[in-house]
Amino acid sequence: MKLRLIRRDSASRIAMFTAPVLALVLTCLASLILFAALGKDAGAALHALLLKPFLSWYSFSEVLLKMAPLLLIAQGLAIGFRANVFNIGAEGQFIVGALCASALPVYYPDGDFPMMLPAMIAFGALGGTVYALIAAALRTRFGASEILVTLMLALIAVQILNYLLLGPWKDPRGFNFPQTVMFPDNAMLPILFDGTRTNISLLFALLASVFAYLMMQHHFRGYQLRTAGLAPRAALYAGFSAPRMVWLGLGLGGLAAGIAGASEVAGPLGQLQRSVTSGYGYAAIIVAYVGGLNPLGIIASSFLISVIYIGGDSATVSAGLPVAAVEVFQGLLLFFYLLTFTLIRFRIEFDRKVPA
Amino acid sequence: MSQPALLRLSKVSKRYGTVQANHDIDLEVHSGSIHAVLGENGAGKSTLMKLIYGVEQPDSGHIYWNGQEVHLARPSDAQALGIGMVFQHFSLFETLSVVQNVSLMIPGKPAELAQQIADLGDQFGLSVDPHAMVHRLSVGERQRVEIIRCLLLNPKLLILDEPTSVLPPQSVRRLFETLRKLQAEGMAILFISHKLDEIRELCDTASVLRGGEVTGRVDPREHDARSLAQLMIGREMPNVAHAAPRPPGEERLRLNALSHPRASRFGTTLEGIDLKLRSGEIVGIAGISGNGQQELAALISGETRAQEPGMIEIMGKKVGHLGPMARRKLGFAFVPEERLGRGAVPEMSLADNSLLTAHSRNMLSRGFIRRSVERAFTRECIEAFDVRTPGPDAEAGAMSGGNLQKFILGREIMLNPDVMLVSQPTWGVDIGAATAIRRRLLEMRDQGCAILVISEEMDELFEMCSKLHVLHKGHLSPALDAADTTPQEIGRYMIGAAT
């Protein structure tokens, strides 16, 4: 008996919904075995990973807090990914966005700057965009791979952050910790739900989702980006400008990451500190792909990954799971997702051979 | 006949998914015979050859060699029996010499192999320099290398898949002489083709395939091309008699000493190409592909920008520096030779593929896609051009080559172009669809469109065009009046014997 993949006439709608569910089930099964092999209580670990985040309002609000930057960055990245523009360094654009936004409260610590918060968001957006466009310029001018350039720029961004925190921007009264002053109140994002840390950056992310949905599914610009990704020679034939796709794909990714970075310092952190490099920029790549690069799918996947983040935190505490195991869980999820994703375009046929 | 057939197939069947590619095929090939396998694209010829050469295995049925049943699990099994095959698309490494290519498959010292190659060349009229680099060889010479490589394995049966489709007429003559010499030596030859005249001239037996089944076994010398065609397509050949063109009108496309350096080592440099195309005429560019056809088409469409604006004029405007979209706005349309991935996006629906070039047809409102207009356009195209598909939502990648070509041609025609470039319009398209496509182009001409056709099919060009050029090694011949020239003259230009 042989297994064959047969291309479907058109993408299966049922598979589009069942593929993520199947991936989740397979991930759970595989991690049950893994956790058991580690000698941990596998049931408790899964309970902590997947259920605990829903069991209290506070932990659920923490899920929403995590979800905001992941969703925002992933929507921006997915636009580029669909045009085969691979911005791998959103982490760098996120950091630069945070840096640029922090400049205002650092130099005006008393908050005597008009429109402080909107200006910070604008600075962050601009910083992230410009940082990403460096890669666009190098790609369109010299053909340098944006994968490598964005990734290396992310490493540079971390060093700029270190320099500022250890040098000029260090809080003089901060006991020599590498962090800036605490931001004034008018530099902080309003809280969305009282008693939680969830702020209005979640609304930014949802707004970005609506924008991405309209553009990618219903606007000609999105159609051009999709064509460039699926069939570059067809885009050339139709006359869609390839450099413009690169500028647009990287620019929008950087814009989203920059706003997310600004929201992070103006939100849960309340200052610029080293922990701003929390890996959102890299995790958002997974979020974008698990969501099938589809704006609606990304809303679901960013929620799921946030649940696993918060659940992972509690699993390391309550079930004694090592941090690495939580990361393996995320990796397994992506792995199984890509596996099941094939079923959307292909169906499996069992080929029974007549015995010779 | 007392002697068993060299090769006999009995009730051989093969299916791929839902497609029955071969059904209960019976076939007998005898030594010293040139046996034609005749059929349209998609009739199952290639599948049958893959079964005989061991590339694929039949689902049911039996294969006998000299009366003994055999199972061919892989091509080397077939080669061990004495079956050699020359594929339609050559499998030679361009950066190696002839003898190096041969030694990849045949054991032996290079010097001895070179001698053998030269000897075989003398014996069968397959002359080729053993030490020449393959990328310098003409198509005919490359084919000779492929045949020599097969002959070195001492085959008893030689399979040739559409061997003449890539050759100029002069080389076809030469190939036939070689095949007759091989036949005289007692070799059996399976000759796959859809060209009826060639089969009548060369072959002593013909098996006709249609829809995966053998629909006839005839002596082609006793049938005229018309009755063979009827066996092949299952109905009367459509009558191709076209109204004579009216005198052409104003000039719509002009190439002025168009030159362009090649983009890669294996590309072709175009040099000093002059061409004029006027309203209401079809001009053809003949030649074997790989002589600059792709480069020229990309320059005219705008996918490649010309070095100077004035080298290309569309509707009297200098457009060499403009991109494809700007040229379309002037009334230009283009049907490229690759359908999947260039003329259409395989993963997108037909409706979304309409948008690719027809977006200017009221399909956008402030940049947002108007799905109803897009679908209506697509449905109209499907109906008007007889595209066989479930509907506008079917994905382009799931369609057959001929159907997709009808869709792309239909989409471009529905743009009402003033100038149209059509590249290899009937490559891989069955006869029915090819006839429909040519009729459409002639209708366009009669409505005043200026059409430039690039094609390898000489019959097609003579059927449609009033003027012909030949592209050879990046040079374009002067315009030849189709009524005054002959395939032989065109052939001389194709191999560079005339300039």
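**Exercise 1.** Determine whether B:A257 is buried, partly exposed or exposed, and describe its backbone.

*Solution.* Step 1: B:A257 has a relative accessible area of 40%. Step 2: buried means under 20% relative accessible area, exposed over 50%, and partly exposed in between (1.4 Å probe, protein chains only). B:A257 is therefore partly exposed. Step 3: B:A257 sits in strand β11 of chain B, residues 251-260; helices (H or I, at least four residues) and strands (E, at least two) are DSSP runs, numbered from the N terminus. Step 4: the phi angle of B:A257 is positive, about 45 degrees, although the residue is not a glycine.

The model is predicted: local features need pLDDT of at least 70, side-chain atom pairs count only at pLDDT 80 or more, and totals for chains, interfaces and linings use all residues. Residues are numbered from 1 along each chain as its sequence is written, chains are lettered from A and ligands numbered from 1 in the order in which they are written, and side-chain values use heavy atoms, with hydrogens and water left out.

**Exercise 2.** Carry out the analysis for B:D24: which strand holds this residue?

*Solution.* Step 1: strand β2 of chain B, residues 19-29, contains B:D24. Step 2: the phi of B:D24 is near 45 degrees, a positive value in a residue other than glycine. Step 3: with a relative accessible area of 35%, B:D24 is partly exposed.

**Exercise 3.** Place A:T129 in chain A and find what it is in contact with.

*Solution.* Step 1: A:T129 belongs to helix α5, residues 116-142. Step 2: A:T129 has 15% relative accessibility, so it counts as buried. Step 3: contact means heavy atoms within 4.5 Å. Leaving aside neighbours within four places in sequence, A:T129 is in contact with A:G251, A:G254 and A:L255.

**Exercise 4.** Describe chain A as a whole: how many helices and strands does chain A have?

*Solution.* Step 1: chain A has 13 helices and two strands. Step 2: its radius of gyration is 22 Å, close to the 21 Å that the globule rule gives for 356 residues, so chain A is as compact as a globular protein of that length. The radius is taken over C-alpha atoms, and the rule is 2.2 Å times the number of residues to the power 0.38. Step 3: buried residues make up 52% of the 356 residues.

**Exercise 5.** Repeat the description for chain B: how many helices and strands does chain B have?

*Solution.* Step 1: chain B comes to 16 helices and 23 strands. Step 2: the radius of gyration of chain B is 24 Å, close to the 23 Å from the globule rule for 499 residues, so chain B is as compact as a globular protein of that length. Step 3: 54% of the 499 residues in chain B are buried.

**Exercise 6.** Identify the residues with the most contacts inside the largest nonpolar core.

*Solution.* Step 1: a nonpolar core is a set of buried Ala, Val, Leu, Ile, Met, Phe, Trp, Tyr and Cys residues joined through side-chain atoms within 4.5 Å. Step 2: the largest such core has 178 residues, and B:L253, B:I312 and B:M420 have the most contacts inside it. Step 3: not counting residues up to four places away in sequence, B:M420 touches residues including B:A333, B:V335, B:L409 and B:I451. Step 4: a second, separate core of 46 residues includes B:L113, B:M187, B:I189 and B:A229.
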